[in-house]
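Okay, thanks for coming, everyone. Let me put the structure up and we'll walk through it together.

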There are 2 protein chains.
Amino acid sequence: MSRPTRTDVARYARVSEATVSRALSGRVDLAITKDTRARVLAAAEALGYRPNPTAQALAAGRTQIIGLWMCLDYSRYRAQVVDRMQRLLRQSDYCMAITDIEEEIGQHHSFTRASRVPVDGLIAFDTPTAGSIFARDSRTEHPCFVSMGAYWDPHTHFVGVDLYAGAVEAVEHLVSTGRKRIAFLHLAAQDPGSAKARYDAYCDVLQQAGLETQFILAPAISVADAHRSVREYLQARSGVDAIFCLNDDLALGAHQAITALGMQVGGEIALVGCDGIEETELLPCPITTLRQPVEEMCRLAWQFLQTCMEDPSGPLQQRILKPRLILRASSDPASARQKGGDAS
Amino acid sequence: MSRPTRTDVARYARVSEATVSRALSGRVDLAITKDTRARVLAAAEALGYRPNPTAQALAAGRTQIIGLWMCLDYSRYRAQVVDRMQRLLRQSDYCMAITDIEEEIGQHHSFTRASRVPVDGLIAFDTPTAGSIFARDSRTEHPCFVSMGAYWDPHTHFVGVDLYAGAVEAVEHLVSTGRKRIAFLHLAAQDPGSAKARYDAYCDVLQQAGLETQFILAPAISVADAHRSVREYLQARSGVDAIFCLNDDLALGAHQAITALGMQVGGEIALVGCDGIEETELLPCPITTLRQPVEEMCRLAWQFLQTCMEDPSGPLQQRILKPRLILRASSDPASARQKGGDAS
DNA sequence: GCGCGTTCTGTACGCGCGTACAGAACGCGC
DNA sequence: GCGCGTTCTGTACGCGCGTACAGAACGCGC
């Protein structure tokens with residue numbers, strides 16, 4: 001009454017178990033007569049047989065599963081990465097298992113204990129602690145590991161984005177268009193890792209330009225939180241003529257707040273976001289943003305991981321990509337003059 | 001140079017392999033002297049040994065992994081479910097592997113082929129096709145399966161939400177507060193499954209009340225899309241005094257559009273969303289919404305799955321929960337009179 | 001010291017597969 | 001019909017673990 005195994009199929013088809021494996025392997029280089037193969041396939045079909053992936057993995061020494069470790073939260077940017085990564089892996093006949101990992105690592109204080117899913121390799125995306133914990137545990141942790149996104153670690157394979165350079169370009173753009181009182185909209189708590197580079201860039205550029213810094217703090221990453229924080233800030237003091245936002249979700253909230261206060265985005269107040277999610281383009285006044293190189297980041301991470309799986313003792317692979325500043329009407333006078341201007 | 005196995009630990013600690021397994025099992029009911037256990041633990045530590053989860057799974061006949069199949073998209077509601085489910089599973093010493101599944105099923109036309117991750121059980125959340133495909137393949141598919149969310153199938157264990165009843169209550173609320181020209185904001189394409197119940201409820205209640213239906217179509221689920229669609233719709237025609245939204249993301253966009261047009265949410269135009277995401281509460285004018293019973297849905301789904309794993313031939317378990325209408329200032333005069341009124 | 005129950009440890013096997021290797025079957029030319 | 005190369009199939013084992021069962025070691029009372 002239990003699930004049929006190779007033994008059952010072999011008996012039913014009157015062949016050996018090895019022949020069953022050969023017939024079902026899908027490999028064309030294995031010699032097998034048409035008739036035998038057909039008999040095995042018919043038997044498997046009749047019995048409802050499916051190979052046991054666990055046994056296959058143990059025998060073959062690999063699972064064809066790649067783990068994707070990330071935080072699953074409310075962000076279109078992350079959804080883009082999941083989708084892109086999944087397509088890449090499928091093309092190579094791998095399957096992807098996502099684990100919402102940060103809290104797990106915190107609970108278990110160890111890398112592989114955080115997830116029992118047997119993987120051939122791991123990609124961690126935007127996880128502050130995974131990289132350093134893997135580096136610490138690497139002697140006893142077997143799977144190949146590539147870190148991707150915002151949190152650089154010197155000891156792991158890594159595909160990152162130069163958030164600092166991107167942010168410098170974005171803030172310099174605001175300065176170059178004549179903005180003098182540029183506020184930085186970021187988070188009251190958490191996420192110091194990815195925020196740090198953008199924070200530093202903001203401070204450095206403003207100091208360079210002889211301008212004063214000012215900060216608007218949102219309690220969490222959400223359109224609504226950003227809306228409220230920006231509205232209250234702008235109501236309390238006047239003179240802000242630009243807002244640089246930690247990410248696009250916050251920028252959307254800022255856009256909403258500015259509009260609600262009867263001001264014009266790109267007019268009284270310029271606005272720049274980060275990450276390049278689609279929504280920034282669809283507003284009546286499209287928002288200038290730093291687009292993340294999602295496509296290339298995923299492609300490189302998978303390439304690094306494949307290289308590592310072929311030769312785990314190979315050299316350290318690291319690559320830093322640059323985000324691309326997409327000028328739009330929310331900050332760029334030239335874009336604003338064109339209808340719905342978008343320089344992408 | 002390869003990963004150490006139980007054999008290496010046994011040799012190092014000068015005990016048998018069975019003793020190694022016993023010492024590392026963590027089970028207190030197995031007899032083992034303190035000294036032996038300490039020697040094994042020391043050996044494992046020295047060699048950096050970790051049990052191979054694939055081999056453990058094959059020997060024990062279970063993986064302690066539960067698969068969560070869902071669409072990963074831009075929705076706080078889904079993130080809530082992931083988080084809640086993960087906590088529940090961890091409490092029972094299970095590990096969760098998420099697969100972004102819809103497209104996979106479409107590609108492979110079969111249930112287990114869609115994912116190689118060896119699971120003891122599967123929970124599908126808001127996946128239109130997973131349930132019916134599992135029902136079709138159930139003869140040959142072994143893992144226990146529970147479907148959860150919007151897409152009911154008569155043949156699988158299921159925890160659902162009565163979207164129709166909830167939506168009826170929401171629309172009747174609008175009618176009862178005197179709204180006469182109630183529009184339904186939904187999607188131009190896709191997602192007929194979850195939208196259908198709310199669409200039906202809207203039409204039925206309006207017909208019952210002798211009111212005319214009217215529809216605003218957003219191209220996709222996003223705040224920005226909803227903003228644009230609602231703005232254009234309201235600019236083109238006047239007289240709309242309420243909008244019932246397919247979900248809260250669309251409601252946020254509608255809120256934004258109404259405000260941008262200089263009208264007052266809860267005043268000229270009442271607004272009701274669906275799902276109960278946090279953002280709806282944080283706006284200057286909080287939005288009435290149908291809160292999904294996330295907590296109870298996850299708890300029941302896990303309970304059903306555990307029952308099924310204990311006895312796969314047990315009776316069909318199905319349960320329909322009701323969403324809860326949270327009255328707020330966007331539609332409810334009583335809430336509006338209280339400061340930031342929220343009946344939750 | 002001996003007997004007996006209890007606690008501990010080792011031997012042996014099974015989980016379901018992939019695959020190396022050996023040998024059987026086949027085809028072909030003479 | 002025979003020899004030889006090629007194609008096909010079966011035997012046998014290993015992957016790394018959990019655990020049943022047997023037997024060894026131990027402790028205790030007499």
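**Two copies and a pair of helices**

So, chain B goes onto chain A with a rotation of 180° and 0.0 Å of shift along the axis, at an RMSD of 0.0 Å; the fit is by least squares on C-alpha atoms of residues with pLDDT of at least 70 in both copies. The two copies are thus related as by a two-fold rotation axis. In chain B, Ile98(B) has the C-alpha nearest that axis, 2.4 Å away.

Quick housekeeping: this is a predicted model, where local features need pLDDT of at least 70 and side-chain atom pairs count only at pLDDT 80 or more, while totals for chains, interfaces and linings use all residues. Residues are numbered from 1 along each chain as its sequence is written, and chains are lettered from A and ligands numbered from 1 in the order written.

Chain A has 14 helices and 12 strands (DSSP runs numbered from the N terminus: H or I of at least four residues for helices, E of at least two for strands). Its C-alpha trace spans about 85 × 45 × 35 Å along the principal axes.

Now to chain B, where helix 1 (residues 6–13) packs on helix 2 (residues 17–25) at about 100°, axes 8 Å apart. Axes here are lines fitted to C-alpha atoms over the stretch in contact, with angles from 0 to 180 degrees between N-to-C directions. Helix 1 and helix 2 of chain B are therefore roughly perpendicular, a label for 65 to 115 degrees. Among the contact residues are Val9(B) from helix 1 and Val20(B) from helix 2, contact being C-beta atoms, placed from the backbone, within 7 Å.

Conventions
Angles under 35 degrees count as roughly parallel, over 145 as roughly antiparallel, 65 to 115 as roughly perpendicular and the rest as oblique. Two residues are in contact if their C-beta atoms, placed from the backbone, lie within 7 Å.
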